[in-house]
Amino acid sequence: MAVNLATIESVTKVYGTRALLDGVSLGVSEGDRIGVVGRNGDGKTTLIRMLAKLEEPDGGRITWNGGLEPAVLTQHDSLDPEATIRHEVIADRADHEWLGDARIRDIIEGLFGGLDLPGFADGLDTVIGPLSGGERRRIALAKLLLGSPELIILDEPTNHLDVEGINWLAQHLQKRRSALVCVTHDRWFLDQVCTRMWDVQHGEVHEYEGGYSDYVFARAERSRIEAVEEQKRQNMARKELAWLRRGAPARTSKPRYRIEAANALIADVPDPRDKSELMKFANARLGRTVFELENVTVKAGPKLLLENLTWQLGPGDRIGLLGVNGAGKTSLLRALRDAYASEGDVQPASGVIKVGKTVRLAYLSQEIAELEPETRVLQAVEQIRSRVDLGKGREMSAGQLCEQFGFGKDKQWTPVGDLSGGERRRLQLLRLLMDEPNVLFLDEPTNDLDIETLNQLEDLLDGWPGSMIVISHDRFFIERTTDVVHALLGDKRMRMLPGGVDEYLERRARMAADAASAVAAAPAAPAAEAAAGLSGGDLRAAKKEMQKLERQIAKLDEKESKLHAQLAEHAADFSKVAELDGQLRAVREEKEELEMTWLELAEQV
């Protein structure tokens, strides 16, 4: 029988005159993997902060099993700004010790993209103080995962992680034996990791078995059942609940949910989008040309991101854009935006971007546009227009669209300065859509949005007739709102991926494996026959120098192996270990310099 780790008993939490949580009782046991969902402001973060004893309840109590020390990732880290990443994450472990630990290597590579921490100027020796919030968050997550707590509590762990990082984190948490309580708006992540759900609504917490998909089915069934006569509703609910109690958790050999019931639920539900109808309407609004790129080169300062790109965004195209950080996703959207804003007068470094004459572009960037803090929500929306045409005969007033985006009648008169980050993001989206664009560029639109708002945005976009490019690390949102995925893999090219996000992850994994093989084989690789720009004499000299470097690198490899053996032999002698560790560092630095020189020569030969 699973041991109970933490108990929430009749907990109440009040802010002002509002009961955020009212008499909530819950428990966390060994092996539990619990996802926490609900609207922003309904108490998700407050609930897990009280579970972690970072915040006291106004009524009721939180009890931990004796000796429990949960590991907690909050939205504000407690890292020492004067410390280095090495100090916070690796602590006092010697290099040979942590490099020899597969678990530590896996965590660092998974969260930072490599043991040398690409993207951080000084690698592990980078000082934390000047880093961005996203970089600090990854450091805090790495530090947490290197421990072995019985209970892990995570508040939005996927924030600031790319698709690969989120995929790695899901796989990592699946393998851990720790219990988990996690607040996140990433629905794919919830489905992969969680086997129970807590839905925080109006002061109460409803529990559901299974991951996010099971939770959606259960909520939909509850709504469906409530629409039929009372006796039938009660009988059906009783039967379904009895089956759920008997069933095994999600992702076992037994069915996750009764297939017949699920199929019956969705049998009469049409596809989210009528693609042919939307395509017709998009053609009518946009004509044949939207954006056409011919031999386009995109740069960020001196850095070349995309080269000789010939591509087009057609009427009604809904494209998800994935790519490694720094590959040029946002820079590409900015180049298209600049060409549109200048009516074609501003062009990229080379090539031509042609913009359709009927294009009305709306660009949601990652930065939130500032509004006057005293402006009311409804006023901010009506500044754009009072009514909006959503296509296919659908029209909404500013107030109705506000309600659809979670701004009820009372909230519509809230000053913009009093809104949370997520609410400001929602307002930014609202203002864009009120301008009736026919082309949408959405750069990380899911940031700070809760699941319910994401569902509403997706429903709205389902019927929106126009062309769209979405950059997002939320694969559920990408798969839900777009029809095709393109990727920038860091080689200055764009590719269409018929297999979507899964194909992107497979390609990235193959690229990483190929790169590792190339690095391993580099010192022994045969030289090419000749190269442009080298005379016969220079070529012979370069080959001779490479052979000399290979012999030196081989000797350093032997020396490194001997030092590792000596470190193991003198592990109990601190002063000797320190001396040997210094020698090992020197050998590695010399070896790296020789390898870099060899690679430079190899490029010439």
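Here are some worked exercises on the predicted model above.

**Exercise 1. Helix 1 and what comes after**

Find out how many of the residues of helix 1 are buried, then look at the residue with positive phi that follows the helix.

Solution.
- Step 1: Helix 1 covers residues 44–51.
- Step 2: Go through its residues and keep those under 20% relative accessible area. That leaves Lys44, Thr46, Leu47, Ile48, Met50 and Leu51 as the buried ones.
- Step 3: Six of the eight residues are buried, so helix 1 is largely enclosed by the rest of the structure.
- Step 4: Now step past the end of the helix. Lys53 follows helix 1, and Lys53 sits in the loop between helix 1 and strand 4.
- Step 5: Check the backbone of Lys53: phi is positive, about 60°, although Lys53 is not a glycine.
- Step 6: Lys53 has a relative accessible area of 39%, so the residue is partly exposed.

**Exercise 2. Another positive phi**

Locate Glu436 and say whether this residue is buried or partly exposed.

Solution.
- Step 1: Glu436 is in the loop between helix 15 (421–434) and strand 17.
- Step 2: Its phi is near 50°, a positive value in a residue other than glycine.
- Step 3: The relative accessibility of Glu436 is 21%, so the label is partly exposed. The buried label would need a value under 20%.

**Exercise 3. Salt bridges around helix 1**

Work out which residues pair with Lys13 and Arg49, and how accessible the partners are.

Solution.
- Step 1: Start with the general idea. Side chains of opposite charge can pair when their charged atoms come close.
- Step 2: Lys13 pairs with Asp58, with the closest N and O atoms 3.9 Å apart. The cut-off is 4 Å, so the contact counts.
- Step 3: Place both ends. Lys13 belongs to strand 1 (residues 4–15) and Asp58 to the loop between helix 1 and strand 4 (59–64), so this pair links distant parts of the chain, 45 residues apart.
- Step 4: Lys13 is buried, at a relative accessible area of 9%.
- Step 5: Arg49 meets Glu55 in a salt bridge, at 3.1 Å from N to O.
- Step 6: Arg49 is partly exposed at 27%, whereas Glu55 is buried at 16%.

**Exercise 4. Salt bridges elsewhere**

Give the salt-bridge count, then pick out a sequence-neighbour pair and a network.

Solution.
- Step 1: The count comes to 26 salt bridges.
- Step 2: One of them joins Asp338 and Arg337, at 3.2 Å from N to O.
- Step 3: Both partners are partly exposed: Asp338 has 31% relative accessibility, and Arg337 has a relative accessible area of 31%.
- Step 4: For the network, take Arg187, Glu458, Asp459, Asp474 and Arg480, which salt bridges link together.

**Exercise 5. Aromatic pairs**

Classify the ring pairs Phe112–Phe120 and Tyr363–Phe441 from their geometry.

Solution.
- Step 1: The count of aromatic pairs is six.
- Step 2: For Phe112 and Phe120, the ring centres are 5.7 Å apart and the planes are at 75°, so call this pair edge-to-face. Phe112 and Phe120 are both buried.
- Step 3: For Tyr363 and Phe441, the centres are 6.1 Å apart and the planes are at 80°, so this pair is edge-to-face too.
- Step 4: Tyr363 lies in strand 14 (residues 361–364) and Phe441 in strand 17 (residues 439–443); the pair links distant parts of the chain, 78 residues apart.
- Step 5: Tyr363 is buried at 14% relative accessibility, and Phe441 is buried at 0%.
- Step 6: Ring pairs also join Tyr208, Tyr212, Tyr215 and Phe476 into a cluster.

**Exercise 6. A charged patch**

Which residues form the negative surface patch, and where is Asp116?

Solution.
- Step 1: The patch is made of Asp116, Glu589, Glu590, Glu592 and Glu593.
- Step 2: Asp116 is in the loop between helix 4 (102–112) and helix 5 (133–145).
- Step 3: With 58% relative accessibility, Asp116 counts as exposed.

Notes: Residues numbered from 1 in each chain as written. Predicted model: local features only at pLDDT ≥ 70, side-chain atom pairs only at ≥ 80, totals over all residues. Heavy atoms only, no water. Patch = residues over 30% accessible without salt bridge, like charges linked within 9 Å, V, L, I, M, F, W, Y side chains within 5 Å. Areas by Shrake-Rupley, 256 points an atom, 1.4 Å probe, with all protein chains shown as cover. Salt bridge = Lys/Arg side-chain N within 4 Å of Asp/Glu carboxyl O. Lys, Arg positive; Asp, Glu negative; His and termini not counted. Charge placed at Lys NZ, Arg CZ, Asp CG, Glu CD. Helix = DSSP H or I, 4+ residues; strand = E, 2+ residues; numbered from the N terminus. Buried < 20%, exposed > 50% of the residue type's maximum accessible area, 1.4 Å probe, protein only. Phe/Tyr/Trp six-rings, centres within 6.5 Å; stacked < 30°, edge-to-face > 60°.
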